[in-house]
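Trainee: I would like to learn how to read a structure feature by feature. Please show me how with one example.

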Amino acid sequence: MRRPLVAGNWKMNTISAEALQLAREVAAGAAAAAANADLLVCPPAPWLVSVRETLGGSNVLLGAQDACYEKSGAFTGEISVAMLADAGCSHVILGHSERRHIMGETNETVCRKVKAVLEGGLVPILCVGEQLEEREAGQTETVLDDQMAGSLTGFTAEDLSSLVIAYEPVWAIGTGKTASPEQAQAVHAHLRKWLAGQYTQELADQLRILYGGSVKPDNAAELLGQPDIDGALVGGASLKADSFLAIAAAAPAAG
Ligand code: PGA
């Protein structure tokens with residue numbers, strides 16, 4: 001069955017001392033808090049190597065917040081998948097709404113990144129999510145289907161066997177507004193059905209679909225208790241070890 005994954009997206013926060021302190025505290029509490037979940041932290045790129053060292057032999061996984069779709073060469077400012085793997089990353093967040101809506105990433109760009117990450121042997125965490133106007137206009141499913149199809153063009157079910165999806169309604173990110181457990185569950189069930197229709201039921205049953213958007217210790221248990229919610233992608237609350245670990249501790253045992 002699907003084991004929950006609780007991932008912390010530190011975004012563009014922390015200087016090195018703060019990052020290492022946070023990593024130390026997460027590592028120290030991980031074994032006790034995360035009996036039922038895999039734990040992942042995604043620090044800013046400059047701290048990946050030192051955070052990896054700080055996490056040491058703990059069971060906390062390391063991820064990056066983005067990657068380049070090219071393998072190497074003249075791409076100033078970019079970071080390749082091979083570099084991230086070398087730094088100790090197992091996962092890469094792709095197509096986060098801040099990259100789509102602030103940095104202008106398109107589905108096509110995200111799709112190339114998914115391909116590069118899979119080819120590099122890492123796990124993509126593909127983010128999708130609708131904006132408030134789209135939800136209010138009744139377009140949530142159409143927008144998500146479009147993001148899924150556009151970000152996952154040209155793959156077989158086998159290619160995608162390691163993929164993680166994160167549903168993050170844009171209106172819930174960093175706003176303190178969370179999708180209700182029922183709203184989130186309905187979208188997760190829809191995404192799983194979409195995967196079954198485009199690929200196979202087996203793939204749909206196997207892939208983890210995380211919820212993200214103002215997940216906090218006090219709403220985590222209800223969200224993570226939904227049948228199609230397989231963990232959380234946590235922004236603000238992942239910057240404090242206590243709240244991040246409390247969210248992880250709210251994950252139910254895989255049924
Ligand atoms: P938030 O961010 O938990 O601060 O809403 C979630 C995310 O953007 O991944």
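Trainee: Is Q226 buried or exposed, and why?

Mentor: This is a predicted model, so what follows is computed from predicted coordinates. Burial is judged by relative accessible area, and buried means under 20%. Q226 has a relative accessibility of 18%, so Q226 counts as buried.

Trainee: Where does Q226 lie, and which residues is Q226 in contact with, leaving aside its neighbours within four places in sequence?

Mentor: Q226 is in the loop between α10 and β8. With neighbours within four places in sequence set aside, its contacts are P181 and Q185.

Trainee: Next, salt bridges. How many salt bridges does a search of the whole structure find?

Mentor: The search finds 15 salt bridges. One of them joins R2 and D228, with the closest N and O atoms 4.0 Å apart. This pair links distant parts of the chain: R2 is in the segment before β1 (5-9), while D228 is in the loop between α10 (217-224) and β8 (231-234), and 226 residues separate them.

Trainee: Are R2 and D228 buried or exposed?

Mentor: R2 counts as buried because its relative accessibility is 15%. D228 also has a low enough value, 14%, so D228 counts as buried.

Trainee: Which residues are linked with R2 in a network of salt bridges?

Mentor: The network links R2, R192, D228 and D230.

Trainee: Which residue does R3 meet in a salt bridge?

Mentor: R3 meets D38, with an N to O distance of 2.7 Å. Here too the pair links distant parts of the chain, with D38 in strand β2 (residues 38-42), R3 in the segment before β1, and the two positions 35 residues apart. D38 has a relative accessibility of 22%, so D38 counts as partly exposed. R3 is at 35%, so R3 counts as partly exposed.

Trainee: How should I read a salt bridge within a helix, such as that of K115 and E119?

Mentor: Start with the general idea. An α-helix has 3.6 residues a turn, so residues three or four places apart point the same way. In this structure, K115 and E119 are about one helical turn apart, because they are four residues apart in helix α5. Their side chains meet in a salt bridge at 3.2 Å, N to O. K115 has a relative accessible area of 45%, so K115 is partly exposed.

Trainee: Which pocket lining do K115 and E119 belong to?

Mentor: Both belong to the lining of the second largest pocket, along with others including C68, Y69, R112 and G120. That pocket has a volume of about 210 Å³. α3 (81-86) and α5 each supply at least two lining residues, and α5 gives the most, with four. By class, the lining has five nonpolar, two polar and five charged residues.

Trainee: What is the volume of the largest pocket?

Mentor: The largest pocket holds about 640 Å³ of space. It is lined by 24 residues, and those closest to its centre are K11, M12, Q65, D66 and R99. The lining divides into 13 nonpolar, six polar and five charged residues.

Trainee: A cavity is closed, unlike a pocket. How many cavities of 30 Å³ or more are found?

Mentor: The search finds one cavity of 30 Å³ or more. The largest cavity has a volume of about 40 Å³. Its lining includes G95, S97, R100, H101, C127 and Q147. The elements giving two or more residues to this lining are α4 and β5, and α4 gives the most, with three. By class, the lining has three nonpolar, five polar and two charged residues.

Trainee: Q147 is one of the buried residues of α7. What span should helix α7 have, and why?

Mentor: Each residue should add 1.5 Å, so the 12 residues of helix α7 (residues 140-151) should span 16 Å. The end C-alpha atoms are 16 Å apart, which agrees.

Trainee: Which residues of α7 are buried, and what do they pack against?

Mentor: The buried residues are T140, V143, L144, Q147, M148, G150 and S151. They pack against α4 (97-101), α5 (107-119), β5 (123-128), α6 (132-136), β6 (164-167) and α8 (181-198).

Methods: Residues numbered from 1 in each chain as written. Predicted model: local features only at pLDDT ≥ 70, side-chain atom pairs only at ≥ 80, totals over all residues. Heavy atoms only, no water. Expected span 1.5 Å × (residues − 1). Buried < 20%, exposed > 50% of the residue type's maximum accessible area, 1.4 Å probe, protein only. Contact = heavy atoms within 4.5 Å. 1 Å grid on protein atoms, 1.4 Å probe; cavity = no way out; pocket = protein on both sides within 12 Å on 5 of 7 lines; lining within 4 Å. Points joined across faces, edges and corners; volume = space filled by probe spheres on them. Nonpolar A, V, L, I, M, F, W, Y, C, P; charged D, E, K, R; others polar.
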